[in-house]
Amino acid sequence: MPKDPLHTKLCDMLGIEFPIVAFTHCKDVVAAVVNAGAFAVLGEAMHKPDEIAADIKWIRDKVDGKPFGIDLVLPASAPPAGALKELEKEIPESHRQFANEIKKKHNVPEPKGEQALHQWGGLNQEMARAQLDVVLEERVPVFTSGLGNPAFILEAAHSRGIKVFGLIGKTRQAAREIEDGVDAIIAQGTDAAGHTGPVGTFSIVPEVAAIAGDTPIIAAGGVTTGQHLAAALCLGASGVWTGTLWLACRESDSDMIIKEKLIAATSDDTVYSRSVSGMPMRTLKCPWTTEWAAPDAPKTLSAPYQMLLSSDYIQAANDHRREDLMFEAAGQGVSFVTSMKPAKQIVIDLVEEALDTFDRLTSESPVATG
Amino acid sequence: MPEAQQSEKGFDAEMAEKIVECDGGGPIPGTKLAGRQEFVGRATGEYIDHGDPPWRWYLVADLTLKPDGYPGDTVWCESGSLYTKTD
């Protein structure tokens, strides 16, 4: 075993102490994790280009030249364009009625303001391209593509000193992106929060590692402890990608109700459902996901129609801070999120747990078997 | 801030009529998340390039696999996420 099992080629590539990547939507978490010796990526998919530029500047001011990343979602498929109002007309009446029954049964109030769905306007190909241009112009140290192949941007990114990581859910996606020349692959298993592929972390990581050559693999999906970190390295990864772990940390801007729900949750409390958006995603269970999973529920619609149905519920739950209705994307590793620790302490705990795990594995006497 | 970049439409005869799979998906409006979707269909050859370097999207028609409830018969797929059936 190497002298320091946690010093990997990902550490060398990024100049970081620990092979831990935090994915978060909160700038404060990015700064805290980066300053603790790990790496962090800010999810900016739902931000406008000028907001992304401002966030990059804010982080730069806080991390004293240390590297960090920006994650965008490159849409990989898009239905023919249509205005939201036109799309809403296509929702079957039976589905509208079922959504209204849920709202009535669970006493879901009306949203207080305009739905975020409508405020934002949705991501189209042009908006995604404009977001990317900010990343290039700002010469962010690392760009990660949370979905979609970043091959077309590689040359432009590399010429500006930007490293590019691709997040994949299938081995064939990894094979193509490695061949295209990405700097690292994030192999995400179905245990993860939010959007996931169908393959488990324990299968996708070694499968991708086997074809990766010198390209570092970062394991994602259910990673919340140092044991997970140690296991990921044993599977051939050079680091771990963690998301749920940071939602309840001290610096996180998640609502306190959500933090408390995450701390109380176990893996049984997550659900892999299409009921929120029409696309499969893992979240904490809530009345909305439970009702759509009932045997007599209508089949969920595809995106964006299902999202148009669920957006009232989501907005109302958040606007009124209804604990019984609110939910958040969460991976199956949520069981191990048990307190609101500072991000730095989470990094330290992960490292110590991983080192303890390696020590235990190498020091235990072989057990005799009959 | 970067200036808005041009989009350019075109036709790729080599791609036309190929049966393709799309490991698709995109951001979920109103959330901070994204989702995956899969499609199988026939590439028409029509494409659109966004910006420089160009980001190419192909139009896929006659869908034989699409997400439950997907109402259309066509979808635009990003070229890097498109696989011909022989891949």
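## Where the two chains meet

In this predicted model, strand β4 (residues 77–78) of chain A and strand β5 (residues 75–78) of chain B pair in the antiparallel sense, and two bridges hold the pairing. One position can be followed across the chains, since Ser77(A) has Cys77(B) as its bridge partner in β5(B).

The contact between the chains reaches over 61 residues from chain A and 42 residues from chain B. On the side of chain A that touches chain B, the largest share comes from helix α7 (residues 125–138) of chain A, which gives seven residues. Sorted by class, that side of chain A holds 32 nonpolar, 19 polar and 10 charged residues.

## How far the model can be trusted

For chain A the mean pLDDT is 90, and 92% of the residues of this chain reach 70 or more. Residues 118–122 of chain A, however, have a pLDDT below 50, and this stretch has six contacts in the model beyond near neighbours in sequence. Where pLDDT is low, the predicted coordinates should not be read in detail.

## The domains of chain A

The domain assignment divides chain A into domain 1 (9–78 + 124–251 + 337–360) and domain 2 (84–120 + 255–319). Between the C-alpha centres of domain 1 of chain A and domain 2 of chain A there is a distance of 28 Å.

Where these domains touch, the contact takes 12 residues from domain 1 of chain A and eight residues from domain 2 of chain A. The side of domain 1 of chain A that touches domain 2 of chain A is made of seven nonpolar and five polar residues, with no charged residues.

## Buried elements in chain A

Which residues of helix α10 (residues 201–209) of chain A are buried? They are Thr201(A), Ile204(A), Val205(A), Val208(A) and Ala209(A). Because these buried residues cover an arc of only 125° around the axis, they are on the same side of α10(A). The buried residues of α10(A) pack against four elements of chain A, namely α9 (171–180), β7 (184–188), β9 (217–220) and α11 (226–234).

Strand β6 (residues 163–168) of chain A is another element to look at, for five of its six residues are buried, so the strand is largely enclosed by the rest of the structure. Strand β5 (residues 142–147) of chain A runs parallel to β6(A), and four bridges join the two strands. Within this pairing, Val142(A) has Lys163(A) as its bridge partner in β6(A).

## A residue in helix α11

Helix α11 of chain A, against which the buried residues of α10(A) pack, is also the place of Gln227(A). Is Gln227(A) buried, exposed or partly exposed? There are 16 other C-beta atoms within 10 Å of Gln227(A), so this residue counts as partly exposed, given that a buried residue needs 20 or more and an exposed one has 12 or fewer.

Leaving aside residues up to four places away in sequence, Gln227(A) touches Glu353(A) and Thr357(A). Gln227(A) and Val135(A) are 92 residues apart along the chain, and their C-alpha atoms are separated by 34 Å.

## Chain B as a whole

Chain B has six strands and zero helices, and from the N terminus on its elements run β-β-β-β-β-β. Of the 87 residues of chain B, 44% count as buried. Among the contacts in chain B between residues at least 6 apart in sequence, 48% join residues that are at least 24 apart.

## Unusual backbone positions

Where in chain B does Pro53(B) lie? Pro53(B) is in the loop between β3 (34–50) and β4 (55–65) of chain B, and the peptide bond that leads from Asp52(B) to Pro53(B) is cis, with omega near 5°.

A positive phi in a residue other than glycine is found at Asp64(A), where the value is near 55°. Asp64(A) belongs to the loop between α3 (49–63) and β3 (69–73) of chain A, and it counts as exposed because it has 9 C-beta neighbours inside 10 Å. In chain B, Glu17(B) is a residue other than glycine with a positive phi, near 80°. Glu17(B) is found in the loop between β1 (7–11) and β2 (19–27) of chain B, and with 10 other C-beta atoms within 10 Å, Glu17(B) is exposed.

Technical notes: Residues are numbered from 1 along each chain as its sequence is written. Chains are lettered from A and ligands numbered from 1 in the order in which they are written. This is a predicted model: local features need pLDDT of at least 70, side-chain atom pairs count only at pLDDT 80 or more; totals for chains, interfaces and linings use all residues. pLDDT is the predictor's confidence in each residue, from 0 to 100. Two residues are in contact if their C-beta atoms, placed from the backbone, lie within 7 Å. Ala, Val, Leu, Ile, Met, Phe, Trp, Tyr, Cys and Pro count as nonpolar, Asp, Glu, Lys and Arg as charged, and the others, Gly among them, as polar. Two strands pair if DSSP finds at least two bridges between them. Domain bounds come from an automatic or database domain assignment. The arc is that of the directions from the helix axis to the C-beta atoms.
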